[in-house]
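Got the model open in your viewer? Here's a short tour, one selection at a time.

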Amino acid sequence: ATMVLLPDEAKGLPPPGILNRNSAWFGLVGWFSAMLHNGLNRRPALRSGVHRQLLLASIGWFVGYHLTKYENYTYARLDRDMREYIRLHPDEFQHKGNHSSFISFFFYFIIICYDKILFPLKKKSPLLNAINLIFIRDYLVKD
């Protein structure tokens, strides 16, 4: 009875890149915690315990990588469920107007720019996925 973080269906997803935002943040937190430990014990922060700094940064990087895998699986599952709901309930997602107006395009452009600021290392973020579903829902629902 071992605990598995990801189910078998997550193994079909592509692996995240080695350099990702969660790995970088957790790696920095691990490195900073080693330096903080040095400082609290009145040792030189950067020069003392370099092996512990590397170890904690590596552990943080590893944890961040696997959290990114779990995050990708969660968003893929949510996208799949949302698409399935749209497919099963097409009457709730009828086209209500022309999305090619200037105002709609302007807000779409602003959201894409904001999305790139929030998620600079991700190719497709959850915010952009949700907005794309709104703008292309007519193509997702087949008669």
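**Stop 1: a tryptophan to start from**

Select W25 first: its relative accessibility is 60%, so W25 counts as exposed. The model you're looking at is predicted, and W25 sits in helix α1. Now add G60 and draw a distance between the two C-alpha atoms: W25 and G60 are 35 residues apart along the chain, yet the C-alpha separation is 7.9 Å.

Stay in helix α1 and pick V29. With 51% relative accessibility, V29 is also classed as exposed; the cut-off for that label is over 50%. Its C-alpha atom is 7.3 Å from that of A57, a residue 28 positions away along the chain. Then click L28, another residue of helix α1. At 47% relative accessibility, L28 gets the label partly exposed.

**Stop 2: the greasy patch**

Which residues make up the nonpolar surface patch? Select W25, F26, L28, W31, L46, L55, L56, I59, F62, V63 and L67, and show the surface: together they cover about 1,000 Å². Colour by helix and you'll see that α1 and α2 each contribute at least two residues. The largest share is from α2, with six residues.

**Stop 3: zoom out**

Switch to cartoon for a moment. The protein chain has five helices and zero strands, so to speak an α-α-α-α-α run from the N terminus on. Of its 143 residues, 24% count as buried.

**Stop 4: the loop with a positive phi**

Next, go to R42, in the loop between α1 (21-40) and α2 (50-88). Check its backbone: phi is near 55 degrees, a positive value in a residue that isn't glycine. For context, most residues other than glycine have a negative phi. R42 is exposed as well, at 79% relative accessible area.

**Stop 5: salt bridges**

Side chains of opposite charge can pair when their charged atoms come close. How many salt bridges does a search of the whole structure find? The count is five, and here are some to look at.

- Show E9 and R80 as sticks: they form a salt bridge, with the closest N and O atoms 3.1 Å apart. E9 belongs to the segment before α1 and R80 to helix α2, so this pair ties together parts that are 71 residues apart in sequence. Both partners are partly exposed, E9 at 45% and R80 at 43%.
- Keep R80 and add D81: their side chains meet in a salt bridge at 3.4 Å, N to O. D81 is partly exposed, with 38% relative accessible area. Leave all of these on screen, and you have E9, R80 and D81 linked in a network of salt bridges.
- Slide along helix α2 to E84 and R87, which are three residues apart, about one turn of the helix. Their salt bridge has its closest N and O atoms 2.7 Å apart. E84 is partly exposed at 35%, whereas R87 is exposed at 51%.

**Stop 6: a pocket to finish**

Rolling a probe the size of a water molecule over the atoms shows where empty space is left. Select L6, A10, K11, L13, P14, P15, P16, K69, N72 and Y73, the lining of the second largest pocket. About 160 Å³ of space lies inside that pocket. What classes of residue does the lining have? Seven are nonpolar, one is polar and two are charged.

Notes: Residues are numbered from 1 along each chain as its sequence is written. This is a predicted model: local features need pLDDT of at least 70, side-chain atom pairs count only at pLDDT 80 or more; totals for chains, interfaces and linings use all residues. Side-chain values use heavy atoms; hydrogens and water are left out. Helices (H or I, at least four residues) and strands (E, at least two) are DSSP runs, numbered from the N terminus. Buried means under 20% relative accessible area, exposed over 50%, partly exposed in between (1.4 Å probe, protein chains only). On a 1 Å grid over the protein atoms alone, a cavity is a set of points where a 1.4 Å probe fits but cannot get out, and a pocket is an open set with protein on both sides within 12 Å along at least five of seven lines; lining residues have an atom within 4 Å of a point. Grid points are joined across faces, edges and corners, and a volume is the space filled by probe spheres set on the points. Ala, Val, Leu, Ile, Met, Phe, Trp, Tyr, Cys and Pro count as nonpolar, Asp, Glu, Lys and Arg as charged, and the others, Gly among them, as polar. Patches are made of residues with over 30% relative accessible area and no salt bridge: like charges are joined within 9 Å, nonpolar side chains (Val, Leu, Ile, Met, Phe, Trp, Tyr) within 5 Å. Accessible areas come from the Shrake-Rupley method with a 1.4 Å probe; for residues, only the protein chains shown count as cover. A salt bridge is a side-chain nitrogen of Lys or Arg within 4 Å of a carboxyl oxygen of Asp or Glu.
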